[in-house]
Structure formats: structure tokens, C-alpha cells
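Subject: Model for you to look at

Dear colleague,

I am passing on a structure that I would like you to look through, with my notes on what was found in it placed underneath. Please read them with the model open beside you.

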Amino acid sequence: MTKNTINTTTEEAPTVNAVGENSVVENKETKDKKETVKSKRKQAVTRQSITLEDFEEIPVVSLIPHVSYLDKRTQDIYEWEEVGHIEYMTVETLKDMWRNNKGYFRNLWLKPMDERVLIQFGLMKIFESYEFLMKESSYTKDNMENLTTAITQAPLGMKFAIVNKIKQLVSDGIIRDVSIIKTLSRKLDTDFLAFT
């Protein structure tokens, strides 16, 4: 009897393991299905959150001084006198502006302060790069390769903003490392050492 009991136990053990393996496979498949469902829900929420109504007013900030725009449809004039000045524009006006002159945004003269607009106009990458290049903390030795790559890929309008930002950082003593200043001077063809 002892042998039968041992055999039964031995024979049942693999069965238990097999059930355990099957449940692991089932759990993995269930987990994959849940992740797919979550991903689809997230995409649906993202699409819904991008929805903009033409009458919505969006704050638009100036990244350079002395910018103006005439809305030919309504004859409204929008003016930004200095960097950081904010004007409110309807989504409909922004769409017209985008359709007729993308340079206001691509050249980094103006920035809509609503992520939905940036996503709809395909501007997220440009403004993420702009934010990276405008952060004081980005200007370190460890970050020089990323900085020089971002500067090389930046549109001309952004390069002017970068030059002004670096001049300010150097003159304020935030960027002190001479090797960083020389590298940036070479990359942007500007003598930033003169501002130390």
C-alpha cells in the first residue's frame, strides 16, 4: 500500500505542475488582452481629449517680441509686444492661422498654450525641443551631445531664441564652464565668451 500511495503522489505531482503551467499561460494571455484593452481605451481618451471646439479660446504666448496677426475673416488684429505676452484666440482663428501661415508656430514666434492644439497641428516635438533648449539645467557637460544635436536640428527661428538664451545664461553666470561656452560658440557661430 505504501508503494501505491507513493506512486499516486508521484503521478499527481506532474499533473499539479501542468495545471500550474497552464494557469501561468492563461494569466499571461489574460494580462496581454487586458493591456490591449487598456491601450485601446487610452487611445480613445486621447482622441476625445484632442477634440477642440471652434469657439474655444486658447491662450497664445509670444516667444519673440513684436508679433502681430490679422485675421482676414474677422478683421481682428492680434499683437504681442514682448516675449511672454499672451493673447486669447479662438480655435477657429488658430486653424485659419495654421492653414495660411504655419511659420508663426514652426518658426517659434508663438506658442498655443494648449496641448490639444500642439497635438492637432503636429507641433509637440518642436516645442519639446524648444523647452529642452530653454531649460538652464540642460546646459551641462554631460548633456553637450544632446544639446548640440538638438541645436543642429532646430529651425532657424529657434536658433535665434537659443542664442539669446545662452547670452543671458552666460552673462548671469549660470553657464561658467569655458569648454561648454566654447562648444556652444562654435555650434552657433557666436562669441559667447564676450558675455562673461
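Two residues are said here to be in contact when heavy atoms of theirs lie within 4.5 Å. With that in mind, and bearing in mind that this is a predicted model, a good place to begin is Tyr139, which, leaving aside its neighbours within four places in sequence, is in contact with Leu133, Leu147, Ile162, Ile166, Leu169, Ile175, Ile180 and Leu184. Tyr139 also belongs to the largest nonpolar core, a set of 45 residues in which Leu94, Phe105, Tyr139, Ile162 and Leu184 have the most contacts. Helix 7 contributes the largest share of this core, with 7 residues. As general background, nonpolar side chains in soluble globular proteins tend to be buried together.

As for the overall architecture, the protein has 8 helices and 5 strands, and their order along the sequence is α-β-β-β-β-α-α-β-α-α-α-α-α. Of the 196 residues, 32% are buried, and the protein exposes about 13100 Å², of which carbon and sulfur atoms supply 51%. If one takes the contacts between residues at least 6 apart in sequence, 53% of them join residues at least 24 apart.

Two pockets deserve a description. The largest pocket encloses about 220 Å³ of space, and its lining consists of Lys125, Ile126, Ser129, Phe132, Asn146, Thr149, Ala150, Gln153, Ala154, Pro155 and Met158. Helix 5 (124-134) and helix 6 (144-153) each supply at least two of these lining residues, and by character the lining divides into 6 nonpolar, 4 polar and 1 charged.

The second largest pocket has a volume of about 180 Å³, and among the 13 residues that line it, Leu63, Ile64, Phe160, Ala161 and Asn164 are the closest to its centre. Helix 5 and helix 7 (156-171) each provide at least two residues of this lining, with helix 7 giving the most, namely 5 residues. The lining of the second largest pocket comprises 9 nonpolar, 3 polar and 1 charged residues.

I would also draw your attention to two points in the backbone. Most residues other than glycine have a negative phi, but Gln75 has a positive phi near 65 degrees, and Leu108 likewise has a positive phi, of about 60 degrees, although it is not a glycine. Gln75 is found in the loop between strand 2 (67-71) and strand 3 (76-80), whereas Leu108 is placed in the loop between helix 3 (103-106) and strand 5 (110-112). Is each of them buried or exposed? Gln75 counts as exposed because its relative accessible area is 51%, with the cut-off for exposed set at over 50%; Leu108, at 2% relative accessibility, counts as buried, since buried means under 20%.

Finally, His85 lies in the loop between strand 3 and strand 4 (86-90), and at 26% relative accessibility His85 counts as partly exposed. Not counting residues up to four places away in sequence, His85 touches Val60, Val61, Ser62, Glu79 and Trp80. His85 and Leu63 are 22 residues apart in sequence, with 8.3 Å between them in space, C-alpha to C-alpha; Leu63 is one of the residues closest to the centre of the second largest pocket.

With best wishes

How values were computed: Residues are numbered from 1 along each chain as its sequence is written. This is a predicted model: local features need pLDDT of at least 70, side-chain atom pairs count only at pLDDT 80 or more; totals for chains, interfaces and linings use all residues. Side-chain values use heavy atoms; hydrogens and water are left out. Helices (H or I, at least four residues) and strands (E, at least two) are DSSP runs, numbered from the N terminus. Buried means under 20% relative accessible area, exposed over 50%, partly exposed in between (1.4 Å probe, protein chains only). Accessible areas come from the Shrake-Rupley method with a 1.4 Å probe; for residues, only the protein chains shown count as cover. On a 1 Å grid over the protein atoms alone, a cavity is a set of points where a 1.4 Å probe fits but cannot get out, and a pocket is an open set with protein on both sides within 12 Å along at least five of seven lines; lining residues have an atom within 4 Å of a point. Grid points are joined across faces, edges and corners, and a volume is the space filled by probe spheres set on the points. Ala, Val, Leu, Ile, Met, Phe, Trp, Tyr, Cys and Pro count as nonpolar, Asp, Glu, Lys and Arg as charged, and the others, Gly among them, as polar. A nonpolar core is a set of buried Ala, Val, Leu, Ile, Met, Phe, Trp, Tyr and Cys residues joined through side-chain atoms within 4.5 Å.
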